[in-house]
Amino acid sequence: MPDLPPFSVQEFPALHSPLLALNDVSCERGNRRLFCQLSVQLMAGQALQINGGNGAGKTSLLRIAAGLLAPAAGAVCYLGEPLADNSYNHRSQLLFLGHQAAVKGSLTALENLRYPVDGRHRFSTEAIFQALAAVGLAGFEDLPCRTFSAGQRRRVALALLILSDARLWLLDEPFTAIDRTGVELIERLMAAHLQRGGAIMLTSHQPVALPGLLALELSGGDSHG
Amino acid sequence: MAWQWFHQWGSPRWFYQRSGAWLPWLAVLAALFLAVGSVWGLALAPADFKQGNSYRIIYLHVPASFLALAGYYLMAIAGAIGLIWKMKLAFTAMRCAATVGAALTFVALFTGAVWGKPTWGTYWVWDARITSMLVLLFLYLGVIALYQAFDRQELASKAAALLALVGTVNVPIIYKSVDWWYTLHQPASLKITGDSTLHSSMLQPLLVMIVGFYLFYAVALLLSMRAEVLAREANSSWVRALVTAPQSRERG
Amino acid sequence: MANGTVNTLRRELLLASRRRGELANPLLFFVMMAALVPLGISPQSTVLAELAPGMIWVMALLATLLSLEPLFAEDYRDGSLDQLLLAADGMAFAVLGKMLAHWLVTGLPLTLVAPLLATLLALPAAGWLPLLASLLVGTLALSFIGAMGAALTVSLQRSGVLLTLIVMPLYVPVIIFGSATVQRAIEGFSWLAPLALLATLAVAAIALCPLVVVGALRLTASE
């Protein structure tokens, strides 16, 4: 297994308050209540796996944490401040990988990473090549992503884990369509990210090998009775 | 105090009970004003020296046009309240105001066309006011169509509210631009009402009719809102209680 | 701040360069419609000349409407929209970049092929410059106003016709001032007033529409 390229940020500054806190958050879809008064705290160096059956609200919870979805009640705090007041810090320190890979088929792997949709980063070509090599796409840099398999497309998105300087990772089913070596790679990346003081919230249907991984069970339906 | 009032307004049940109490009074008042205004305007007011009796359609046309425009703003304001304070009842109001408003806009256009036949000799002319009214109808229909395109009611309401708000910014621009366009093309046909002032004996019944139309609008809006509240809250206990014990309707 | 706009613009133009065929479609539509007018009405140049200003403007409007649907729909399907919403320096700037890119690949080319249509429809010489000027400014307003419709309908399966329905009434002032600019020039009047009004519309659209688009896209993301 090749060595991981170095992260752009080696060590995040120490923190004493939780990086992310969900306080009494409720979520409703249509007229269905997915979860109610849920509180979660995520400290620097912690990873949390959200478990639950299909439709239990795992993705919704992750989207609430990302600020994409407003909770029906409760508040999301980043570094102790409500998201509404601190959204710039939150967004600039956030890496969200959703169900879809957000990879454009008509762009090459290199171009996809050079011009990320959010318009925030400008990664150097050298860094992108290193990251692509690390996720197993060496030699595929200049091919349009429409020729890739589903797993390869996801790997393009996963290269962002190496490139990004975000402290909070929100990963929705990161192992979808990824083979076994890929899963190991993601696990190593996650472990290294926790080591440098980052935090991770993820959903997955499969067990994740990560030391100190916390778990949250969403029972689905009305958890409040 | 004010906040409590606001919260009550957000409660569909409270609204249903209150509106049920007001409705008969409003309906009687509306009927009274409309009856007095119609008889006065259609039978008692003098005929116009130029247009004869055909001018009398203004007693329908003018109030309907007024409300078509006012209704658009009411719809948009209701939508804004829904978006800002997440009040479901406001979205119900917006949704119902769209239907009622579109119907009134159509009435205004239809009566305008009927009026046009004896006046201009044709049912349709591209007069500034009629053209603006037509665009207003399109705006209403756009809001209704957008609302109906979504499966999820909440999303539908929010999207329609946003479109209605965009429309409010546009309505004055559209009216001004159509006016400007009309003066540019100044057709040779005769102009009516625009500059000529109505004689007070004709104006008084018109005012009565306008008040009557406002009352009628309130009745129509409340009725359709009540129907929609019932449909939306069909699963709640108070609606079930209503259905099983209809005699206690007003007391709930 | 403007970084978001520039980066998005660059990305969108790159994407556009990869599907040139798709981009040519509204232009072809524009030209083909022009060929139908003489067939449907009359080949006489006096008749055509009278219709030309309004016709060209109506066709530019329709061509823009046709190009709007994919503006946000593709990003919605492949998950890019979520990333756009999470743009750190505010989504409005990124959205502004997208809308500018849309104008650069539709409105601007429409303006550039307009002389061809002016020839086909026998537009009098006095109308050429005003036509180009009004299209250049007016298509900006068309792109930005239309983007609101595209954003509001982005999550719908078949949004094409609905998008057209909700956007068309909003286009009324644009087409009035746009065609009036050309018409007044042909009639020998000063055409700066309608052009200035058109420019005002465009500036207002550029300032306000991105905010509405952001609001509409946020609604969709919370679905």
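How many residue pairs are in polar contact between chain B and chain C, both at pLDDT 80 or more? I put that first in the notebook, keeping in mind that this is a predicted model.

**B against C, polar side.** I got zero residue pairs in polar contact between the two chains at that pLDDT. I looked up salt bridges between chain B and chain C next, and that count is zero too.

**B against C, extent.** I found 24 residues of chain B and 25 residues of chain C in the contact. The buried area between them comes to about 2,100 Å², and carbon and sulfur atoms give 86% of that. I then asked which three residues of chain B supply the most: Leu155(B), Leu162(B) and Trp180(B), with 23% of the area that chain B buries against chain C.

**Which elements on B.** On the side of chain B that touches chain C, I see two or more residues coming from each of α5 (128-149) and α6 (153-185) of chain B. α6(B) gives the most there, 15 residues. Sorting that side of chain B by class, I get 18 nonpolar, four polar and two charged residues.

**Over to Ser80(C).** I moved on to a single residue in chain C. Ser80(C) sits in helix α5 of chain C, residues 80-85. Buried or exposed, at 0% relative accessibility? I have to call Ser80(C) buried, because its relative accessibility is 0% and the cut-off for buried is under 20%. I also checked what its side chain touches: the side chain of Ser80(C) makes a polar contact with the side chain of Asp78(C), at 2.6 Å.

Notes. Residues are numbered from 1 along each chain as its sequence is written. Chains are lettered from A and ligands numbered from 1 in the order in which they are written. This is a predicted model: local features need pLDDT of at least 70, side-chain atom pairs count only at pLDDT 80 or more; totals for chains, interfaces and linings use all residues. Side-chain values use heavy atoms; hydrogens and water are left out. Contact means heavy atoms within 4.5 Å. Buried area is the accessible area (1.4 Å probe) that two parts lose on being put together, summed over both. A salt bridge is a side-chain nitrogen of Lys or Arg within 4 Å of a carboxyl oxygen of Asp or Glu. A polar contact is a pair of N or O atoms within 3.5 Å; within protein, one must be able to donate a hydrogen and the other to accept it, and residues adjacent in sequence count only if both atoms are side-chain atoms. Helices (H or I, at least four residues) and strands (E, at least two) are DSSP runs, numbered from the N terminus. Ala, Val, Leu, Ile, Met, Phe, Trp, Tyr, Cys and Pro count as nonpolar, Asp, Glu, Lys and Arg as charged, and the others, Gly among them, as polar. Buried means under 20% relative accessible area, exposed over 50%, partly exposed in between (1.4 Å probe, protein chains only).
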